[in-house]
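Dear colleague,

Please find below the structure that I am handing over to you. My findings follow directly after it, and I should be grateful for your reading of them.

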Amino acid sequence: MLVANLTALLVDDSRELRRSLAQAFAAAGWRVLEAGDLTVARMYLDAGGVDVVVADRRRGAGAGAALVARGLPVVLLTGDTSPVPGATVIAKGNVQWADVVEAARAAVVARWAGDREPMTEGIPG
């Protein structure tokens with residue numbers, strides 16, 4: 001499975017939102033970390049092992065957009081759908097959690113594809 005051993009860090013001040021989102025990620029095979037604010041989120045990030053961050057863009061937990069600078073894939077849930085460089089932005093409206101999980105998976109895959117060196121071994125010249 002593509003998400004085996006991948007870790008999502010969920011950052012939001014709403015415990016209920018984090019829990020329901022965590023259930024969706026766990027059901028899809030992800031390891032899940034939860035942070036209710038940016039201080040806790042930064043502690044998890046500093047410890048390493050996070051593959052993607054899913055955060056609220058501008059709530060009490062702090063500006064999720066501030067986590068983009070860490071260089072990890074970031075999915076921002078927001079009512080303000082204006083672009084954020086380096087992040088996938090998803091409107092909160094009627095979003096399905098499965099769509100958020102898929103956006104996180106796609107962000108990690110895109111990151112992997114961007115980090116890979118072109119394969120040259122075994123290609124006939």
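A residue is called buried here if its relative accessible area is under 20%, and exposed if that area is over 50%. By this criterion both Phe 25 and Trp 30 are buried. Please bear in mind throughout that the model is a predicted one.

Phe 25 and Trp 30 also form an aromatic pair, edge-to-face, with 5.3 Å from centre to centre and 80° between the planes. A search of the whole structure yields one aromatic pair.

As to the overall architecture, the chain has three helices and five strands, and from the N terminus on its elements follow the order β-α-β-α-β-β-β-α. Of its 125 residues, 36% count as buried. Among contacts between residues at least 6 apart in sequence, 51% join residues at least 24 apart. The chain exposes about 7000 Å², of which carbon and sulfur atoms supply 52%.

The nonpolar interior comes next. The largest core has 18 residues, and those touching the most other members are Leu 21, Phe 25, Trp 30, Val 54, Val 75 and Val 100. At least two residues of this core come from each of strand S1 (7-11), helix H1 (15-27), strand S3 (52-56), strand S4 (74-78) and helix H3 (97-115). H3 provides the largest share, five residues. Apart from this core lies another, of 15 residues, including Leu 9, Ala 35, Ala 41 and Leu 67.

Which residues does Val 54 touch, not counting residues up to four places away in sequence? They are Leu 9, Leu 10, Val 11, Leu 21, Phe 25, Val 75, Leu 77, Val 100 and Ala 104.

Helix H2 (residues 38-47) merits a separate paragraph. Its residues Leu 38, Ala 41 and Leu 45 are buried. Viewed down the axis of H2, the buried residues fall within an arc of 55°, so they line one face of the helix. An α-helix has 3.6 residues a turn, so residues three or four places apart point the same way. The buried residues of H2 pack against S1, strand S2 (31-35) and S3. On the face turned away from the buried side, H2 carries the exposed residues Thr 39, Met 43, Asp 46 and Ala 47. At the start of H2, a side-chain oxygen of Asp 37 comes to within 3.0 Å of the backbone nitrogen of Thr 39. Just after H2, Gly 48 adopts a positive phi of about 85°.

Two further residues may interest you. Thr 7 belongs to strand S1. Its relative accessibility is 3%, so Thr 7 counts as buried. Leaving aside neighbours within four places in sequence, Thr 7 is in contact with Trp 30, Arg 31, Leu 33, Gly 49, Val 50, Asp 51 and Val 52.

Arg 18 lies in helix H1. Is Arg 18 buried or exposed? With a relative accessible area of 10%, Arg 18 is buried. The side chains of Arg 18 and Glu 34 are joined by a polar contact of 3.4 Å. Not counting residues up to four places away in sequence, Arg 18 touches Leu 10, Asp 12, Asp 13, Glu 34, Ala 35 and Gly 36.

With kind regards

Note on methods:
Residues are numbered from 1 along each chain as its sequence is written. This is a predicted model: local features need pLDDT of at least 70, side-chain atom pairs count only at pLDDT 80 or more; totals for chains, interfaces and linings use all residues. Side-chain values use heavy atoms; hydrogens and water are left out. A nonpolar core is a set of buried Ala, Val, Leu, Ile, Met, Phe, Trp, Tyr and Cys residues joined through side-chain atoms within 4.5 Å. Buried means under 20% relative accessible area, exposed over 50%, partly exposed in between (1.4 Å probe, protein chains only). Helices (H or I, at least four residues) and strands (E, at least two) are DSSP runs, numbered from the N terminus. Contact means heavy atoms within 4.5 Å. Rings of Phe, Tyr and Trp (its six-membered ring) pair if their centres lie within 6.5 Å; planes under 30 degrees apart count as stacked, over 60 as edge-to-face and the rest as tilted. The arc is that of the directions from the helix axis to the C-beta atoms. A polar contact is a pair of N or O atoms within 3.5 Å; within protein, one must be able to donate a hydrogen and the other to accept it, and residues adjacent in sequence count only if both atoms are side-chain atoms. Accessible areas come from the Shrake-Rupley method with a 1.4 Å probe; for residues, only the protein chains shown count as cover.
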